[in-house]
Amino acid sequence: MNDEKATNEADIKGADERFMRMALDAARQAGERGEVPIGAALVRRGEVLALRGNEREFRNDPTAHAEILALRDASTLLGGWRVLDATLYVTVEPCPMCAGAVLLARLDRLVFGTPDAKGGAVGSLVNLLELPGFNHRTEVASGVLAEESRALLREFFGERR
């Protein structure tokens, strides 16, 4: 039984890293367009439903975060607002808006890379996903490829200062 559990955990860790690398690629592309380099991959049963980077500057839209865009794409693809049995991989801890959207979409899991001490709403400033009263719970894993995510942000903001 312990070997089976260890194998499952290794499989999950491998999948988390694989999909986070996709989110990192989307973040790099966003950074190349002058956007804050944050990327998101929305995955259900091993299939990537959406892969997006930030587009706030491009769209002149404060809601055009990678997570929101990925959720919109997946909802359109699935034909409904509930994105059940899915995991959102995002390079940076979601803000309050995005954490709320994770709850509202009924995602099973959220996996993020680096924490956001100035705006994170999944543990850094507050944890919206653990507030009592919500009718849905989302499992959270953090720190997946955190250093790579942090390095993208450092490089992006370092070039602008």
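**A tour of the aromatic pairs**

Begin by selecting Phe-156, which at 7% relative accessibility counts as buried, the term meaning under 20% relative accessible area, with exposed over 50% and partly exposed in between (1.4 Å probe, protein chains only). The model is a predicted one, in which local features need pLDDT of at least 70 and side-chain atom pairs count only at pLDDT 80 or more, while totals for chains, interfaces and linings use all residues. Residues are numbered from 1 along each chain as its sequence is written, and side-chain values use heavy atoms, with hydrogens and water left out.

Next, colour the protein by secondary structure, where 5 helices and 5 strands appear; these are DSSP runs numbered from the N terminus, helices being H or I of at least four residues and strands E of at least two.

Now select Phe-19 and Tyr-89, one of 2 aromatic pairs, a pair being rings of Phe, Tyr and Trp (its six-membered ring) with centres within 6.5 Å, stacked if the planes are under 30 degrees apart, edge-to-face if over 60 and tilted otherwise. Their ring centres are 5.4 Å apart and their planes stand at 40°, so this pair is tilted. Phe-19 belongs to helix α1 (residues 2–32) and Tyr-89 to strand β3 (residues 86–92), so the pair ties together parts that are 70 residues apart in sequence. Phe-19 is buried at 3% relative accessible area, and Tyr-89 is buried at 4%.

Return to Phe-156 and add Phe-157: the two form an edge-to-face pair, 5.0 Å centre to centre with 85° between the planes. Phe-157, at 30% relative accessibility, counts as partly exposed.
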